[in-house]
Every structure is written in C-alpha cells, then in structure tokens.
Amino acid sequence: MGAKRTPREAWVEEGLRALASGGVDAVRVEALAKALGVTKGGFYGYFADRNALLEAMLDAWERESVDEVLERVGELDGDPREKIRLAGQLTLSPDHLLPIDLAIRDWARRDETAAARLRRVDNERMALLRETIGTFCEDPDEIEARSLLAFSLAIGSHFLAAEHPGRTHTGVRAMAADIVLGRPRSR
C-alpha cells in the first residue's frame, strides 16, 4: 500500500504559518516539507513552483478574511455596529488571521502581486464598512471618513507601542471605536 499523500491544504496552511512567523522569505519548500514531516516531492504534485504556492496562500487568505467574514457578518441581525465589531474580530483575530494579514502587508511593500491582492481585500473590507456605517450615517463624506478611521484603527493599533497612562490599550481602543462608530460612551 502506498504512502498517504500530504493534502494540498496542508502545504497552504503551513505556508501561511511560515509567512506569519517569518515573512515571505520563510516560505521555502524545503522548510515546509520539514515542518510537515514529508519530503518535498509531494509539493510538486500540487504546485508547479513556489510562486504557485504563494498564489494559493493569497487565495486562502482572501477566502478566509473576506468571503467567510462576509458570510458570518451577513448571518448577524441587528445593530450594524455589532456587525462591524464581528467583522473586525474575525478578520483580525490575533491567534490566526492578524499575523497573516500583517505579514501580507509587509510582503505587499515589495511585491506587486501581493500588493494587488491586498488592495482588493482592503477594498472589500472598506466596502463592508461603508455599507454598514451607511445604515446609521447619511453624509457620504462622513461615511468615508468613519470607514477609513475604523479600518485604520483596526490595522494601525497593532503597530503602536504607545502607553496609555491609567488605561489599558484594549480600553482605549474600544473607546476609540465607540467614537468612530458614534456609540454612546459610558462614563
């Protein structure tokens, strides 16, 4: 009986783990095979080369961070602000998608293919914000500004090392989100 073949998805997932932990340069066929405990020969049954794997990784990231998020958010009834919160929570989960997202942003600074994919994903995310914020805000300019601020807060807060004397980063971030989304603040 022949050896069981490592599934294509395992190569993609391991590639995403390598990307998240070490950047695009860490996505090497030999290293992925070692991490999976297999030889690199199986890789070429699924992918013509490393670039084909990188494309499959971008596909998987886009599917998970846009398509699956839109599906989950679409299932939620009620407050549009809760939809935005859920989308942010799903999209930027620190245990999975956030490290991948940040690594792709870094990769996109040097690679036009990654940059084009990031632009498409960010445009989808901004479209969701515009649509959702538009349910409680009528001014198109304000909708655009709030959408940009909400997205910038979600991405940018991970790059700040600033301290918030007497406050937690999580608390300040929640307060900022309340301000951007026009939620009443409790004192």
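## What packs around α3

The cover over the buried residues of helix α3 includes α1, α2 (29-36), α4 (80-91), α5 (97-108) and α6 (112-133). Here, contact means heavy atoms within 4.5 Å, and helices are DSSP runs (H or I, at least four residues) numbered from the N terminus. The residues of α3 that end up buried (under 20% relative accessible area, 1.4 Å probe, protein chains only) are L53, L54, A56, M57, L58, A60, W61, E62, S65, V66, V69 and V73.

Keep in mind that this is a predicted model, where local features need pLDDT of at least 70, side-chain atom pairs count only at pLDDT 80 or more, and totals for chains, interfaces and linings use all residues. Numbering runs from 1 along each chain as its sequence is written, and side-chain values use heavy atoms, leaving out hydrogens and water.

## The helix itself

With 25 residues (50-74), α3 spans 35 Å from first C-alpha to last, close to the expected 36 Å, which is 1.5 Å times one less than its number of residues. There's a bend of about 30° at R63, taken as the angle between axes fitted to the seven residues ending there and the seven starting there.

At the N-terminal end, D49 acts as the cap, with a side-chain oxygen 3.2 Å from the backbone nitrogen of N51.

## Over on α1

E9 sits in helix α1 (residues 8-22). Its relative accessible area is 54%, so E9 counts as exposed (over 50%). From E9 to D178, 169 residues along the chain, the C-alpha separation is 38 Å.

Technical notes
Helices (H or I, at least four residues) and strands (E, at least two) are DSSP runs, numbered from the N terminus. A polar contact is a pair of N or O atoms within 3.5 Å; within protein, one must be able to donate a hydrogen and the other to accept it, and residues adjacent in sequence count only if both atoms are side-chain atoms.
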